[in-house]
Amino acid sequence: MNLQKLLKNISKPMSIPNMIINKITTNSKSVDENDLFIAIKGYSFNGHDFINQAIKAGAVCIIGEEDLQELSVPYIRVPDSRLALAEIASEFYGNPAKDKKIIGITGTNGKTTTAYMIKHILEESGHTCAMFGSVNTIINGETYPSLNTTPDALSLQKHLAISKDEFVIMEVSSHGIAQGRIHGIEFDFGLFTNLDHDHLDYHHTMEDYFLTKAKMFEALNDQGYAIINNYNEWGAKLSSMLQSRDLSLITLGNKESDKLRINEITPGFFEISYRGCNHSLQLSILGQHNISNAAMAFLTASQIGVPIQQIVKSLRTFSGVPGRFELFKRSNGTTIVVDYAHTAEAFSNCLTTAKIEGAEKVFHVFGFRGDRDSSKRNKMITVSKKLADEIILTFDDLNGVPSAAMLQELNELNEGQVISDRTLAIQYAIEKAAEKDWVIITGKGNERYRADFSLPVSSDREAVEYVLQKEGKKLKTR
């Protein structure tokens, strides 16, 4: 694309050279001839340090934030490289968001399951959906692994350009909002699931974390819908903030003003009031928290125009999400759950569900990510001690923290078992559990391990399957 056209919203035309750009990149290692290199100040690296490397590789124009002189190629300084990247990427790919119906889902917990539920309902009713989230990226029916919950701006615009889908369902993380990854995209639907203590290593306070999430709703288009969970106190706060905005505010909660109320919950069913009528909904997946997720999906689909009976039918056939309260059964009757839960509230949801479902004893296996929000750890331990019968603390991603330092912290936090090898911790809990016991393994969900452990597996799911398969072989040889 012609550079002057590409940067028409970034800089004055007089300062932009007339040349053709082959591609845009923020990684100096991927630069080829006639590329535009955008220098980003990242969490660990500063792209400005790699400008000369990018020029040597063939970059013909550089965009950055720092005051740099005497580069051998044109340099355009901008106030914010991330926002410039989002605008340039959108222009490069032909503003692809304008042709889509875009559903953004933000919140601490429930984004992934709610996204999958909406996708299932819409596809069951004949629509096509792309999805960008923490488990997978799905475009035109093809599934790809996800690197981030919300893709970087360049990848996001490329995904949108490739997609021929009618709807795009996007998990929107607080990091994605703060780092301008969704800058320039207008949402048709904005969903807020809840807020819990998380990511305060990045946002520092809950208020800052909340206000970052709330920024997504500034990107709703003029006909956009804000769908908010008022059962969560932060959701109710967001609803109050949005009251003055000229948008369609749709809430679920227990007040008369809320559009949807959850009236009654029984095992496998829940009843809602919506538009003056009561509806009984059935879920095939467990988890009290999934009722709120289903209610959010219900509201979204109904505003899109999916008939209520179709929504009810689709929720009944929804089979769940990999790594989100994923169930396994041991031959002796033990129930095993793999879940992504990594906050105190998410722990409470998982462990309470096990109790409601009749668990006689609950074993809880989890750890903490190194170099992440450590202020939430005591709350997580407190909830687990209250609801689980035995805690087995283990390693999660260390992220550069020395294993000895993490092991010392785990021993200080837990009065019970500490087994640093995650696969052996899972094996220990499963082998110790009896017929009506539950083993809850949280923190990783479907994510791959970043370290090598004793068992020849690369995820919690594979660890569970390996232990169960090994037990099965032993039983056959007896």
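A polar contact is a pair of N or O atoms within 3.5 Å; within protein, one atom must be able to donate a hydrogen and the other to accept it. Keep that cut-off in mind for the first stop on this tour of a predicted model.

**Stop 1: D196**

Select D196, in the loop that runs between β10 (187-192) and α7 (200-203). Now add E345 to the selection: its backbone nitrogen is 2.9 Å from a polar atom of the D196 side chain.

Next, show the surroundings of D196. Beyond the neighbours within four places in sequence, D196 touches T108, N109, M206, Y209, T343, A344, E345 and A346.

Which side chain of opposite charge is nearest to D196, and how far away is it? Select K379: it is 6.4 Å away, and D196, although buried, has no salt bridge.

**Stop 2: colour by confidence**

Colour the protein chain by pLDDT. The average is 92, and 97% of the residues score at least 70. Where is confidence lowest, and where is it highest? The lowest mean, 70, belongs to α7, while strand β21 (residues 438-442) has the highest, at 98. Helix α7 is also the element that follows the loop of D196. Where pLDDT is low, the predicted coordinates should not be read in detail.

**Stop 3: the open sheet**

Select strands β1 to β4. They make up an open sheet of four strands in the order β1-β2-β3-β4, and the pairing is parallel. The edges are formed by β1 (24-25) and β4 (75-77), each of which pairs on one side only.

Zoom in on β1 and strand β2 (residues 35-38). These two run parallel and are joined by two bridges. To see a bridge pair, pick T25, whose partner in β2 is F37.

**Stop 4: the hairpin of β13 and β14**

Move on to strand β13 (residues 260-266) and strand β14 (residues 269-274). Their pairing is antiparallel, with six bridges. Select I262 and look across to β14, where I272 stands opposite.

Then go to the turn. Two residues lie between the strands of this hairpin, and G268 has a positive phi near 85°.

**Stop 5: helix α10**

Finish with helix α10 (residues 289-304), and select S292 within it. Is S292 buried, partly exposed or exposed? S292 counts as partly exposed because its relative accessibility is 23%, and the partly exposed class lies between the buried limit of 20% and the exposed limit of 50%.

For a last distance, pick the C-alpha atoms of S292 and I304. These residues are 12 apart along the chain, and the two atoms are separated by 19 Å.

How values were computed
Residues numbered from 1 in each chain as written. Predicted model: local features only at pLDDT ≥ 70, side-chain atom pairs only at ≥ 80, totals over all residues. Heavy atoms only, no water. Buried < 20%, exposed > 50% of the residue type's maximum accessible area, 1.4 Å probe, protein only. Lys, Arg positive; Asp, Glu negative; His and termini not counted. Salt bridge = Lys/Arg side-chain N within 4 Å of Asp/Glu carboxyl O. Contact = heavy atoms within 4.5 Å. Pairing = 2+ DSSP bridges. pLDDT = per-residue confidence, 0-100.
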